[in-house]
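Subject: Structure handover

Hello,

Here is the structure I said I would pass on. Please open it alongside this email and follow along.

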Amino acid sequence: MTGKPERKSDRNPGQAKPRRRAVAYLRMSTELQQYSTDNQIAAIEKYATENDMELVATYSDEARSGLRYENRPGMQQMLADAQSAHSGFDTILVYDISRWGRFQDQDEAAALEFECRKAKVQVHYCMDQFVNDGSPMSTVMKSLGRYMAADYSSKLSEKVFAGQCRLIERGYRQGGVAGYGLRRMRIDQNGAPQGILDWGQRKSLQTDRVILVPGPKEEVETVRWMYRQFIDGGRLEGEIAALLNEEGILTDLGRPWTRGTVHQVLTNEKYIGNNVFNRHSYKLKGTHKNNPPEEWIRADGAFEAIVDEKLFFTAQGMIRERNRRFSDDELLDRLKRLLKKKGFLSGIVIDEADDMPSSGCYASRFGSLARAYSLVGFTPDRDYRYIEINRTLRQIHSREVSRAIAEIEKIGGAVEQDPVTELLTVNGELTASVVVARCRPTKAGARRWKIRLDTGLAPDLTVALRMDGANEAVLDYYLLPSPILDTNRIGLAEENGLMLDAFRFETLEHFFAMARRALISELSL
């Protein structure tokens, strides 16, 4: 097709030509009213009528960013259907190029459209001022449109970040939970207190701001007790956590204390009243990044402190000294002394020694614990490689579960974890079980995985972490809904067909998105 799209009035009435079967693709984030799904479908239906197309189905991604394909189940299903042998349509109608996506790599948008063309399915952008017919002019216009769509998100991200920085420097809190011992206070534009925000509540007026204030007296005293135990009592974070749990004291999220949650209290500057932002970044759905201190945005003394500065900085000095980077020789010298003292070595022996770096540190620095053992002259009675892998998998499982909980809470969801079964309950509605699938190479060199399902727990969703060939990092994720599972074990190869690989994702962003709570005002955009 060249020139303008063929309209019904342009055709010869004597020619009988079958109508093209089309589907509509709708995407709405929270940007502008013009991109509401009602407006999009109205424009698409008008285009279909004018071009004698029959609209047979609609695919939709509502409240979804256009930056990541992985986060858009509607588009994924549409492309899978387009590539199937019985798709039932030959055209995809999209409002405009920005609804197809605001991919920062413009080749990604082109690649997705190319996959459609290979399946003999054409994409039409209904509101853009060019015909997507493969001509040189349409290719140029399409490339420009993709650039403008990506540039819009990039510039919007910069504007939002700049605005957040200005608010941080003025002492206002930007998102996230308050933390144990603190509470979020809503104030008006004149700084007058308007009340404490409960868990999950947001400020109702755009002109209002949020600051941190001291929480209940007993929580404040518990925070100060942690610092005294760490500095004066010589107790490590794990020991402090154990004492708190023995007393039945829970975190601000209603969970038992862990080494990590105690460490967070002992290292966060908000407890001395400092407002710090941009320690970590995740811009434009890219990779998570730990930023150096010189890139942090801060306002010192923004809130009322609940911990004395002298106590806080004393604790930081102790933590830095403990965590300073040892040379290889220093690590091995400490391991030799521990071997001489205990007579043998193991991961547990290393981790329980107060003056030792963690066993994970040795495994990371020397490749494995077994190699570290050999360098100090210790030969275990058995092959520890399988045990080390199991230990690594347990650590990865724990880390991924903690990360999932943190990410869901960051976007306004609520998660409860059963302390015995570790089953996650998201927003009181969805239950999820997180399992790890070890990679098991065959004799022929192929890779295989077995996913063991917690069918006894009957979760709504099983989140399976598929490990790489070395069982050292997560390769990808399978989000498996219970209705498709009629067994307690699933075997996976490197390629598994659409029935299983339709549930495969590169990241957990799609899982996090299931828990996102959106305001009614946002969903109307």
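Below is what I found, going from the whole chain to single residues.

**Overall**

Please keep in mind that this is a predicted model. The chain has 525 residues, and 41% of them are buried. It holds 17 helices and 20 strands. I also looked at contacts between residues at least 6 apart in sequence: 65% of these join residues at least 24 apart.

**Strands around β3**

Start with β3, residues 91-94. In a regular strand, side chains alternate between the two faces of the sheet. Here Thr-91 and Leu-93 point one way, while Ile-92 and Val-94 point the other. All four are buried.

Which strands pair with β3? One is β1 (residues 20-28), which is parallel to β3 and joined to it by four bridges. Within that pairing, Leu-93 of β3 stands opposite Ala-24. Another is β4 (residues 122-125), also parallel to β3, again over four bridges. There, Ile-92 has Val-123 of β4 as its bridge partner.

Just ahead of β4, take a look at Lys-120. This residue sits in the loop between α4 and β4. Its phi is positive, at about 65 degrees, although Lys-120 is not a glycine. Most residues other than glycine have a negative phi. Is Lys-120 buried or exposed? Lys-120 counts as exposed because its relative accessible area is 71%, and the cut-off for exposed is over 50%.

**Strands around β14**

Next is β14, residues 430-437. This strand is mostly covered, with six of its eight residues buried. On one pairing, β14 runs antiparallel to β13 (residues 424-426), joined by three bridges. Thr-425 and Thr-431 are bridge partners there. The other pairing to check is with β17 (residues 461-467): parallel, with six bridges. Val-435 of β14 has Ala-464 of β17 as its bridge partner.

β13 and β14 form a hairpin, with three residues between the strands. Asn-427 is in the turn. Asn-427 has a positive phi too, about 55 degrees, and is not a glycine. Is Asn-427 buried or exposed? Asn-427 counts as buried because its relative accessibility is 16%, and the cut-off for buried is under 20%.

**Nonpolar cores**

In soluble globular proteins, nonpolar side chains tend to be buried together. The largest nonpolar core here has 25 residues. Those touching the most other members are Val-223, Met-226, Tyr-227, Trp-257, Val-262, Tyr-271 and Val-307. Four helices each supply at least two residues of this core: α6 (217-231), α7 (237-246), α8 (259-267) and α9 (309-323). The largest share comes from α6, with six residues.

Val-307 is a good place to centre the view. Setting aside neighbours within four places in sequence, Val-307 is in contact with Val-223, Tyr-227, Tyr-271, Ile-272 and Phe-312. Apart from the largest core lies another core, of 23 residues. Its members include Ala-404, Val-415, Phe-505 and Phe-512.

One polar residue is also worth a look. Gln-316 lies in helix α9. Gln-316 counts as buried because its relative accessibility is 11%. Beyond its neighbours within four places in sequence, Gln-316 is in contact with Leu-266 and Thr-267.

**The second largest pocket**

Last, the second largest pocket. Its volume is about 770 Å³. How many residues line it? The lining has 23 residues, and those nearest the centre of the pocket are Tyr-69, Gln-76, Asp-501, Ala-502 and Arg-504. By type, the lining divides into 13 nonpolar, four polar and six charged residues.

Several elements each give at least two residues to this lining:

- helices α2 (73-83), α4 (106-118), α15 (498-501) and α16 (509-514)
- strands β18 (474-481) and β20 (504-505)

Among these, α2 gives the most, with six residues.

**Where to look**

If time is short, I would open three views. The first is β3 with its parallel partners, β1 and β4. The second is Val-307 with its contacts, including Tyr-227 and Phe-312. The third is the lining of the second largest pocket, with α2 in view.

Best wishes

Methods:
Residues are numbered from 1 along each chain as its sequence is written. This is a predicted model: local features need pLDDT of at least 70, side-chain atom pairs count only at pLDDT 80 or more; totals for chains, interfaces and linings use all residues. Side-chain values use heavy atoms; hydrogens and water are left out. On a 1 Å grid over the protein atoms alone, a cavity is a set of points where a 1.4 Å probe fits but cannot get out, and a pocket is an open set with protein on both sides within 12 Å along at least five of seven lines; lining residues have an atom within 4 Å of a point. Grid points are joined across faces, edges and corners, and a volume is the space filled by probe spheres set on the points. Ala, Val, Leu, Ile, Met, Phe, Trp, Tyr, Cys and Pro count as nonpolar, Asp, Glu, Lys and Arg as charged, and the others, Gly among them, as polar. Buried means under 20% relative accessible area, exposed over 50%, partly exposed in between (1.4 Å probe, protein chains only). Two strands pair if DSSP finds at least two bridges between them. A nonpolar core is a set of buried Ala, Val, Leu, Ile, Met, Phe, Trp, Tyr and Cys residues joined through side-chain atoms within 4.5 Å. Contact means heavy atoms within 4.5 Å.
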